[in-house]
Amino acid sequence: MQPPIALDKLQINRIKRLAEIKRRTLGFVGDTPIASQIFTILENMNILLLEYPIKSEGEKPAFSAVLMYSKESNEELIFIGLNTADYFDRQVFAVAHELYHFYTKTGSHLSRVAEEENLLAEAEANRFAAEFLLPESILEHIILNEFKDSSLKKVQIKTLLRFIARLQCTWWLPYRSLVRRLKEIDVISNQQYEQLYSINERNMDEEYGRMGRAINNEIFLKLNTATNNIGTSPKDIEVIIRNFEDNIIDEDKFINTLSLFNKNPHDYGYNIEVSDEDANEFEEFFNGEVRDER
Amino acid sequence: MRKLSTAKLAETVKLKREEKKLTQEQLSNLTGINRVMIGRIERENFIPSITQFESLANTLDFEITDMFIEKQETNSFIALRSEALSENEKEGVEKLFKMMLTLRQQILLRSKFKNATPNRA
């Protein structure tokens, strides 16, 4: 892997400022973590979230998220497609990353976790994601408050690991992003950075995994699990159900549309029988429809 | 370049027909298009001939040209498809696109319905 592209002071300043403005606009002032609220933010911003698990092949990381725009009849819809085969903390990070592309209008975008680090826009988006989820000024404040020092260069590794695990459970950033943040703001040494970066943070039976679980079992396990969700937000599913209730779509379309989002009418109190033959026919119809729209 | 949107045609035919309180059968009689074909147009799996198109537009009172959309509008999705993706990823991305297009269709149907019947929205 190539070393990440280094952003200059001006670029970093611009990103920090943007993250600060956006956090404030969304109502996150001071040391309030965004964490689980990231999905509510999307909903409030009318960005439609689509979740689908896409496993990676071999060493190459699968894409993490995609930002998509659609404009028809003067109505612009914005979607974020999220790869849920990724660890949950990386999903949170990927959403924040895509928000950068949305805010800066760098266009529709598909992001990978590691490969595109050498691209400037990607490095900026990653920096924004980190800054948006945990602003540098707050991180510095936490460090100073807890260690009574702005440097952690003399702190032993175990203490650092516990500190990072606590940060992770509160701010929902991936372990490696947190380690990188500490290095970026120069509070840990190169040696500490390499030592921290080399551990296997995803193994729940190893030192860091055990620490994380001891600190907040529920959250820590959640962050380290691939959710493999398929679907969209309940608000968007509601549109489909209402369309059926108002006779805008028929039963078959209702069944097929819901199934695409891993749901069925029965989940919402409707029992509709459909024959296998009909199901096949509608499946074909669906495939045809997608081709027409391209 | 503009292209025919079967989704838009389907939505328009269904909404206009209902606005005029016509059954598929009645529309069939008025336009001379087989009732089954009208059903298929409304389900986006039949593209009418030019003559049928004209007849539909005249009877239901819509502009044929409005059924065409700028192909460019979906370019952003197409661009994504060309990125270097593994087979597995391509399949997943296709699925996400399908979800996106389907949800988009549901939202557009909903907003047209709301505009058509503001008192029920």
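In chain B, 64% of the contacts with a separation of 6 or more are between residues 24 or more positions apart. Keep in mind that what you're looking at is a predicted model. Here's a walk through both chains, starting with that one.

**Chain B**

Chain B has 121 residues, and 48% of them count as buried. Its secondary structure is six helices and two strands. Reading from the N terminus, you meet them in the order β-α-α-α-α-β-α-α. The accessible surface of this chain is about 6100 Å², and carbon and sulfur atoms account for 50% of that.

**Chain A**

Over in chain A, there are 294 residues, 50% of them buried. You'll find twelve helices and five strands here. Of the contacts in chain A with a separation of 6 or more, 68% involve residues 24 or more positions apart. The chain exposes about 14000 Å², with 47% supplied by carbon and sulfur atoms.

**The nonpolar cores**

As background, nonpolar side chains in soluble globular proteins tend to be buried together. In this model, the largest nonpolar core has 68 residues, and the ones with the most contacts inside it are A:Ile38, A:Leu99, A:Phe128 and A:Ile188. Helix 3 of chain A, residues 88–103, gives the largest share of this core, ten residues.

Which residues does A:Ile38 touch, leaving aside neighbours within four places in sequence? They are A:Val92, A:Val95, A:Ala96, A:Leu99, A:Phe132 and A:Leu133.

There's also a second, separate core, with 32 residues. Its members include A:Leu48 and A:Tyr52 along with B:Ile107 and B:Leu109, so if you're browsing the model, have both chains switched on for this one.

**Rings against rings**

Across all chains, a search of the whole structure turns up 13 aromatic pairs. Two of them are set out here.

| Pair | Geometry | Centre to centre | Angle between planes |
|---|---|---|---|
| A:Tyr103 and A:Phe128 | edge-to-face | 5.9 Å | 70° |
| A:Phe254 and A:Tyr270 | edge-to-face | 6.1 Å | 85° |

Take the A:Tyr103 and A:Phe128 pair: it links distant parts of the chain, with A:Tyr103 in helix 3 and A:Phe128 in helix 4 (residues 120–133), 25 residues apart. Is A:Tyr103 buried or exposed? A:Tyr103 counts as buried because its relative accessibility is 18%, and the cut-off for buried is under 20%. A:Phe128 is at 0% relative accessibility, so it counts as buried too.

The partners in the other pair don't share a label. A:Phe254 is at 0% relative accessibility and so counts as buried, whereas A:Tyr270, at 26%, counts as partly exposed. A:Phe254 belongs to helix 11 (residues 251–260), while A:Tyr270 is in the loop between helix 11 and helix 12 (276–293), so this pair ties together parts that are 16 residues apart in sequence.

Back around A:Tyr103 and A:Phe128, there's a wider grouping: these two form one aromatic cluster with A:Tyr100, A:Phe102 and A:Phe132. A:Phe132 has already come up as a contact of A:Ile38.

**Charges over rings**

Two charged side chains in chain A are worth a look as well. A:Arg202 lies over the face of A:Tyr87, 3.9 Å from the ring centre. The ring of A:Phe88 has the charged end of A:Lys222 over it, at 4.9 Å from the centre.

How values were computed
Residues are numbered from 1 along each chain as its sequence is written. Chains are lettered from A and ligands numbered from 1 in the order in which they are written. This is a predicted model: local features need pLDDT of at least 70, side-chain atom pairs count only at pLDDT 80 or more; totals for chains, interfaces and linings use all residues. Side-chain values use heavy atoms; hydrogens and water are left out. Helices (H or I, at least four residues) and strands (E, at least two) are DSSP runs, numbered from the N terminus. Buried means under 20% relative accessible area, exposed over 50%, partly exposed in between (1.4 Å probe, protein chains only). Contact means heavy atoms within 4.5 Å. Accessible areas come from the Shrake-Rupley method with a 1.4 Å probe; for residues, only the protein chains shown count as cover. A nonpolar core is a set of buried Ala, Val, Leu, Ile, Met, Phe, Trp, Tyr and Cys residues joined through side-chain atoms within 4.5 Å. Rings of Phe, Tyr and Trp (its six-membered ring) pair if their centres lie within 6.5 Å; planes under 30 degrees apart count as stacked, over 60 as edge-to-face and the rest as tilted. A charge sits over a ring if NZ of Lys or CZ of Arg is within 6 Å of the ring centre and within 35 degrees of the ring normal.
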